[in-house]
Amino acid sequence: MEHTLLEKIKIRLNQFHTEETTDVDGNIEVEIIFDDVDQDYNIQELINEAWKDVKSYRQYPKSYSEEQIEEDLKQYENVVIKLVLYDYNKIGAEFETQDNDNGNIRTYVKRESILANVFPLVTVLF
């Protein structure tokens, strides 16, 4: 079963549970139920921002059509997932450079290190 990008992210955030059902033939089926639906709009906004960031890093030439850009962006879905997880986990800690809570120090990689896997398109000039 193929999941949407939102569903993939919710799985990574552990915002789901499973339920088993038995069909008339006695076969057990497992269904994924996504929880915390109130977070869906927030996550979707983070997805939109991540796609814009990846698109910006690619620096598409004006000659690229929207269809070409969409097709090219598909290869960066994993980068978008990582960006969304990064941004989601930093909610409430925006712009914080260090966190020391009861002796636990939390540090993060730079967001740009995730985007380092996105390479700009190169145009050859003659």
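**Exercise 1. Place D87 in the structure and decide whether D87 is buried or exposed.**

Solution. D87 lies in helix α4, where helices (DSSP runs of H or I, at least four residues) and strands (runs of E, at least two) are numbered from the N terminus. The model is a predicted one, in which local features need pLDDT of at least 70 and side-chain atom pairs count only at pLDDT 80 or more, while totals for chains, interfaces and linings use all residues. Residues are numbered from 1 along each chain as its sequence is written, and side-chain values use heavy atoms, with hydrogens and water left out.

The next step is the relative accessible area, for which buried means under 20%, exposed over 50%, and partly exposed in between (1.4 Å probe, protein chains only). D87 has a relative accessible area of 15%, so D87 is buried. Leaving aside residues up to four places away in sequence, D87 touches L46 and R111, a contact being heavy atoms within 4.5 Å. A50 stands 37 residues from D87 along the chain, and the C-alpha atoms of the two are separated by 9.0 Å.

**Exercise 2. Check the span of helix α4, and find what its buried residues pack against.**

Solution. Helix α4 covers residues 77-89, which makes 13 residues. The expected span is 1.5 Å times one less than the number of residues, so α4 should span 18 Å, and this agrees with its end C-alpha atoms, which are 18 Å apart. The buried residues of α4 are V79, V80, I81, L83, V84, L85, Y86, D87 and Y88. These buried residues pack against α1 (5-12), α2 (40-58) and α5 (111-115).

**Exercise 3. Describe Y41: in which helix is its place, and is Y41 buried or exposed?**

Solution. Y41 has its place in helix α2. With a relative accessible area of 73%, Y41 is exposed. V54 is 13 residues from Y41 in sequence, and the distance from C-alpha to C-alpha is 20 Å.

**Exercise 4. Locate N14 and Q59, and state the phi of each.**

Solution. Most residues other than glycine have a negative phi. N14, although not a glycine, has a positive phi of about 60 degrees; its place is in the loop between α1 and β1 (16-22), and at 58% relative accessibility N14 counts as exposed. Q59 is likewise not a glycine and has a positive phi of about 50 degrees. Q59 is found in the loop between α2 and α3 (66-73), and it counts as exposed at 53% relative accessibility.

**Exercise 5. Describe the whole protein: how many helices and strands are there, and why is it more spread out than a compact globule?**

Solution. The protein has 5 helices and 4 strands, and along the sequence they follow the pattern α-β-β-α-α-α-β-β-α. The radius of gyration, taken over C-alpha atoms, is to be set beside the globule rule, which is 2.2 Å times the number of residues to the power 0.38. For 126 residues the rule gives 14 Å, and because the radius of gyration is 19 Å, well over that value, the protein is more spread out than a compact globule. Its C-alpha atoms fill a box of roughly 70 × 50 × 20 Å along the principal axes. Of the 126 residues, 27% count as buried. Finally, among contacts between residues at least 6 apart in sequence, 62% join residues at least 24 apart.
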